[in-house]
Amino acid sequence: MKQPGKLQDLIYGVGGMLLAAGAFIYSIPALTPISPYVYSVGAVGFVSMQMLARYDGRNLVLRRLRRQQLFSAVLLLLVAPLMFMNVWRVGPLRGDTWIVLLTIAAIYQVYTSFRIASELKKEEDRH
């Protein structure tokens with residue numbers, strides 16, 4: 001995998017923290033109206049940096065994991081409009097559907113991050 005630069009690492013880390021903070025502050029009634037904004041900024045930062053990472057090797061397992069990671073990133077982006085619909089009570093999906101989507105995306109993110117690290121180590125050990 002291509003290694004990101006320091007600025008990309010910073011955006012990735014801050015984006016991840018804002019993503020988590022936006023989801024968390026939704027549960028605080030006084031802060032609920034700003035939670036979609038915080039989440040959205042975090043999601044854009046986190047996902048954009050994740051999209052910049054590349055894997056150009058031939059390992060099929062890593063390629064599959066990378067596709068799963070990108071699928072999860074798209075789900076993270078889709079959560080943002082669902083949060084807005086829920087908080088502002090507009091659109092067809094006004095319920096807590098976003099929580100289910102966020103949970104699925106988070107599970108994929110955690111799984112792929114550990115598996116990609118493991119596969120990269122195996123690949124490194126082979127060479």
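Glu119 and Arg115 are four residues apart in helix α4 and are therefore separated by about one helical turn. In this predicted model, the side chains of the two residues meet in a salt bridge, with an N to O distance of 3.3 Å. The partners do not fall into one accessibility class, because Glu119 is buried at a relative accessible area of 6%, whereas Arg115, at 23%, counts as partly exposed. The pairing also belongs to a wider arrangement, in that Arg115, Glu119 and Lys122 are linked in a network of salt bridges.

Helix α4, which spans residues 97-126 and contains Glu119, holds a further pair of this kind, formed by Lys121 and Asp125, whose side chains meet in a salt bridge at 3.6 Å, N to O. Lys121 and Asp125 are likewise placed four residues apart in helix α4, about one turn of the helix. Here both partners are exposed, Lys121 as well as Asp125.

In total, the structure holds four salt bridges, one of which joins the side chains of Arg54 and Asp56 at 2.9 Å, N to O. Arg54 is partly exposed, with a relative accessible area of 45%, while Asp56 has a relative accessible area of 58% and is therefore exposed, the threshold for that class being over 50%.

Beyond its salt bridge with Arg115, Glu119 touches several residues that lie more than four places away in sequence, namely Asn59, Val61, Leu62, Leu65 and Arg126. Among these, Asn59 is found in the loop between α2 (35-52) and α3 (60-88). The contacts of Asn59, when its neighbours within four places in sequence are left aside, are with Glu119, Glu123 and Arg126. Asn59 has a relative accessible area of 12% and is classed as buried because this value is under 20%; Glu119, at 6% relative accessibility, counts as buried on the same criterion.

The position of Asn59 may also be described relative to Leu75. Asn59 and Leu75 are separated by 16 residues in sequence, and the distance between their C-alpha atoms is 25 Å. With Glu119, by contrast, Asn59 is in contact, so that heavy atoms of these two residues lie within 4.5 Å.

Terms used: Residues numbered from 1 in each chain as written. Predicted model: local features only at pLDDT ≥ 70, side-chain atom pairs only at ≥ 80, totals over all residues. Heavy atoms only, no water. Helix = DSSP H or I, 4+ residues; strand = E, 2+ residues; numbered from the N terminus. Buried < 20%, exposed > 50% of the residue type's maximum accessible area, 1.4 Å probe, protein only.
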